[in-house]
Amino acid sequence: MATLNPAAKSGNKYGDLAKRLWFLLGALIVFRIGTHIPVPGVNAAALEELFKGNEGGLLGMMNLFSGGAMRRFSILTLGVMPYITASIIMQLCAAMVPSLEALKKEGEAGRRKITQYTRYLTVLLAFIQGVGVAVAFEGMQNLVLSPGFSFRMMCGITLVTGTMFLMWLGEQITERGLGNGISLIIFAGIVAGLPDAIGRTLTNVSTGAYSIPLALAIAIGVALVTAVVVFFERAQRKVLVQYAKRQVGNKIAPAQSSYLPFKLNMSGVIPAIFASSIIMFPATLAQLSGNSENTFAYFLKDMSAMLSMGQPLHEILYAAAIIFFCFFYTALQYNPKDTADNLKKSGALIPGYRPGEHTAKYLEKIMMRLTLLGSIYLVVVCFIPNFLIAWKNVPFYFGGTSLLIVVVVTMDFMTQVQAYLMSQQYESLLKKANFKGGAFR
């Protein structure tokens, strides 16, 4: 019989957790190094001037999510956004295309097939976006050193390679690290700009551009908004579910009950990201059009002026887009009819509602109400920075979307760590229960 030393075993209880955390840290360091490797053929000084006038546009948002890679036009410029877009498109297709919907229900094999299709679509989208960025940069004066077909192809292939590398790195973090790798890469890109944002704010305070009470109010406001985000992201509506009595041998097992948890914000930060991209798109096109004097360029500039932050049209469309994508994405993610059918098959019911169609209608009503409250919560959180900027020109370098991502990813990461620690403790208790006299039975 093999003997073990319990003390030595317990001393190394969290050794695997430490390895996972070190792997996560190393992967994020590799990501940050990659954001500083530039794509050749671009005038860095002219690119810096372009971003100084477009910090609030779509390029600024892409730069924020890529951890500054867009501003340096590095090999990781596109970040993981093509992969996220491809994933959302595949989710849409899986809900509308019968063949993909059937594939989705095949379990692990179907999931791997859909993941393969998502990767192919990511390559296509990344190449289109890479060539599009190259063409747009060629339209800017003195930005590209040697414009032409070779520059466009080089940009397309290089940026596709960077996106695929990040996608692979995210999968490695998920498997060998902790948390969702793609989310952590976006999180690292946003947090990388935090020291610069704090430094710029302190510089404004030291020069007298902003008063000390205003700086304290900003810090308190960020803390309060963070607390609100944590509260609403944890908020759940629990629906009581009862299971019928079952006969086990010669005895009848008593009826049991459980809960169906419904999150208040089922769609996460996807609606805010999509709404920001759509609203900022005309302004970005207008800035990339340069000094063109055609009718379309004038139209884009007029649209950019009307959709600039603080304008009534911008605020109305932004709020409407967030609410629309909340309902749209939630409808894609959750199907009340499937839940009702699964409850019926397992012999469960919701008290007061007949199994099947009545249960599905009740769950759909709950989902619609929660989605409405969740969309209002997202609108309020995303609008707080806009209001402060328009009111007092507060230096909010991180908008509501970025704050949501940082808080949600942090909460998810801490949940993963706690779950891992609980699993280790559970395994330790099982081993102690089976351990007797220094040997396993």
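User: Which helix holds both K361 and E357, the two ends of a salt bridge?

Analyst: This is a predicted model, and in it the side chains of K361 and E357 meet at 3.4 Å, N to O. Both residues are exposed. They sit four residues apart, about one turn of the helix, and that helix is α17 (residues 357–392).

User: How many residues apart are D341 and K337, and are they buried or exposed?

Analyst: Their side chains also form a salt bridge, at 3.4 Å from N to O. K337 has a relative accessible area of 52%, so it counts as exposed, the cut-off being over 50%. D341 has 25%, so it falls in the partly exposed class. About one helical turn of α16 (residues 336–345) separates the pair because they are four residues apart.

User: What about the salt bridge of R71, which residue is its partner?

Analyst: That one links distant parts of the chain, 23 residues apart: R71 is in helix α5 (residues 69–72) and its partner is in helix α3 (residues 44–52). R71 is partly exposed at 23% relative accessibility, and the partner is partly exposed too, at 28%. The N to O distance is 2.9 Å, and the partner is E48.

User: How many salt bridges does the count come to?

Analyst: The rule asks for a side-chain nitrogen of Lys or Arg within 4 Å of a carboxyl oxygen of Asp or Glu. R71 with E48 passes at 2.9 Å, and D341 with K337 passes at 3.4 Å. Counted by that rule, the total is seven.

User: In the open sheet of three strands, what is the strand order?

Analyst: β1 (residues 236–243) pairs with β4 over eight bridges, in the antiparallel sense. β1 also pairs with β5, again antiparallel, over two bridges. The edge strands β4 (256–263) and β5 (348–349) each pair on one side only. Put together, the order is β4-β1-β5.

User: Which residues stand opposite Q242?

Analyst: Q242 has a partner in each of two strands. In β4 it stands opposite S257. In β5 it stands opposite L349.

User: And what is the bridge partner of Q236?

Analyst: Q236 belongs to β1, which spans residues 236–243. Its partner sits in β4, and that partner is K263.

User: Which helix gives the largest share of the largest nonpolar core?

Analyst: This core has 54 residues, and I173, I186, I322, L404 and I405 touch the most other members. Leaving aside neighbours within four places in sequence, I186 is in contact with F65, V80, I84 and I405. The largest share is nine residues, from helix α18 (residues 400–434).

User: How many residues are in the second, separate core?

Analyst: Its members include A46, L78, V133 and V160. It is separate from the 54-residue core, and its count is 20 residues.

User: Is T118 buried or exposed?

Analyst: T118 lies in helix α8 (residues 108–138). Leaving aside neighbours within four places in sequence, it is in contact with Y83, A86, S87 and M90. Its relative accessibility is 6%, and since the cut-off is under 20%, T118 counts as buried.

User: What is the area of the nonpolar surface patch that includes I33?

Analyst: I33 lies in helix α2 (residues 15–34). The patch is made by W22, L25, I29, I33 and I37, and its area is about 530 Å².

Terms used:
Residues numbered from 1 in each chain as written. Predicted model: local features only at pLDDT ≥ 70, side-chain atom pairs only at ≥ 80, totals over all residues. Heavy atoms only, no water. Patch = residues over 30% accessible without salt bridge, like charges linked within 9 Å, V, L, I, M, F, W, Y side chains within 5 Å. Areas by Shrake-Rupley, 256 points an atom, 1.4 Å probe, with all protein chains shown as cover. Buried < 20%, exposed > 50% of the residue type's maximum accessible area, 1.4 Å probe, protein only. Contact = heavy atoms within 4.5 Å. Pairing = 2+ DSSP bridges. Core = buried A, V, L, I, M, F, W, Y, C linked by side-chain atoms within 4.5 Å.
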